[in-house]
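Please look over the sequence and the structure shown below before reading on. The paragraphs that follow go through the parallel strands, then the ligand site, and finally a few single residues.

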Amino acid sequence: MIIEGLDAPHAGVLISYLTDAEEISDFCRELGVVAVQLHGDVETGQLRRLKEIRPDLFVLKSLVVKQDNAEELLRLVDDTHAFVDMYITDTFDPRTGAKGATGLTHDWNVSAELVRRSPKPLMMAGGLHPENVGDAIRAVRPAAVDAHTGLEGPDGRKDRAKVAKFVAEARRAFDEIG
Ligand SMILES: O=C(O)c1ccccc1NCC(=O)[C@H](O)[C@H](O)COP(=O)(O)O
């Protein structure tokens, strides 16, 4: 219902840990979304298959940064970029095993290296908030930014003032880097 009510340029994005191309496609059809953000360990063959069966679907693939996996992520970009429309970085939480929405930053040098390597645009995420998003954009030069935890108020809901400041700071930094 909410997804159906969205007017362009707004569109629903499914965030999912699904890893099977057919299941991802079916769930996107059921929900009526045109974009999917994949946070699971999706095999390259499944990404290829997803593009074959659903060329209309905008596929965002997460690159979950850990302490020591930069080379692995660079290889993942090399192997998958033909089947991915955009990458999104995120931060692994070793205490919980969570691969997204952890509120933790990671080594921005790794994100910057991924931006340089990727032929596809990269959205930066992982612990961003209004106070650090400008520095992150200037350091990493991503195509876009995203945040979750850093925009919440004490009640766990998105805080309007934090969102407005985040957007203003991000726009200022993107204008600066051109
Ligand atoms: O948003 C979620 O609830 C979520 C849950 C599980 C995996 C990923 C999720 N969101 C993906 C995002 O796009 C977040 O912006 C990204 O994980 C950054 O989160 P945070 O570090 O809390 O800003």
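How many bridges join strand β1 to β2, and do these strands run parallel or antiparallel? In this predicted model, strand β1, residues 13-16, is joined to β2 by 4 bridges, and the two strands run parallel. Between them the chain passes through helix α1, which spans residues 21-31, and the resulting β-α-β crossover from β1 to β2 is right-handed. Within this pairing, I15 stands opposite Q37 of β2.

Strand β2 itself covers residues 35-38, and its side chains are divided between two directions, with A35 and Q37 pointing one way while V36 and L38 point the other way. This can be set beside the general rule that, in a regular strand, side chains alternate between the two faces of the sheet. All four of these β2 residues, A35, V36, Q37 and L38, are buried.

Strand β2 is also joined to β3, residues 58-65, by 4 bridges, and here again the strands run parallel. The bridge partner of A35 in β3 is F58, so that A35 can be followed both as a buried residue of β2 and as a point of pairing with the neighbouring strand, a description that rests on the rule that two strands pair if DSSP finds at least two bridges between them. Helix α2, residues 44-53, takes part with β2 and β3 in a β-α-β unit that is right-handed.

The ligand is surrounded by 17 residues, of which the closest are D90, A101, G127, D146 and T149. Three of these can be described through their polar atoms. An N or O atom in the side chain of D90 is 2.5 Å from an oxygen atom of the ligand, and an N or O atom in the side chain of T149 is 2.4 Å from an oxygen atom of the ligand. For G127, by contrast, it is a backbone N or O atom that lies 2.8 Å from a ligand oxygen.

T149 also leads to T102, since T102 touches T149, together with T91 and D93, when residues up to four places away in sequence are not counted. T102 is found in the loop between β4, residues 86-91, and α4, residues 108-117, and its side chain reaches the backbone oxygen of T91 at 3.2 Å. Is T102 buried or exposed? T102 counts as buried because its relative accessible area is 18%, and the cut-off for this class is under 20%.

V77 offers a second buried position, this time in helix α3, residues 70-80. Its relative accessible area is 0%, and V77 is therefore buried. Leaving aside residues up to four places away in sequence, V77 touches L63, Y87, L114, R117, S118 and P119. V77 and E152 are 75 residues apart along the chain, and their C-alpha atoms are separated by 31 Å.

G178 lies in the segment after α6, which covers residues 160-177. With a relative accessibility of 92%, G178 counts as exposed, because that class begins over 50%. Although G178 and R141 are 37 residues apart in sequence, their C-alpha atoms are 9.5 Å apart in space.

As for confidence, the protein chain has a mean pLDDT of 96, and 100% of its residues reach 70 or more. The model scores ipTM 0.94 and pTM 0.95.

Definitions and conventions
Residues are numbered from 1 along each chain as its sequence is written. This is a predicted model: local features need pLDDT of at least 70, side-chain atom pairs count only at pLDDT 80 or more; totals for chains, interfaces and linings use all residues. Side-chain values use heavy atoms; hydrogens and water are left out. Buried means under 20% relative accessible area, exposed over 50%, partly exposed in between (1.4 Å probe, protein chains only). Contact means heavy atoms within 4.5 Å. pLDDT is the predictor's confidence in each residue, from 0 to 100. A crossover is right-handed if, with the strands pointing away from the viewer, the path from the first strand over the helix to the second runs clockwise. A residue is near a molecule or strand if one of its heavy atoms lies within 4 Å of it. A polar contact is a pair of N or O atoms within 3.5 Å; within protein, one must be able to donate a hydrogen and the other to accept it, and residues adjacent in sequence count only if both atoms are side-chain atoms.
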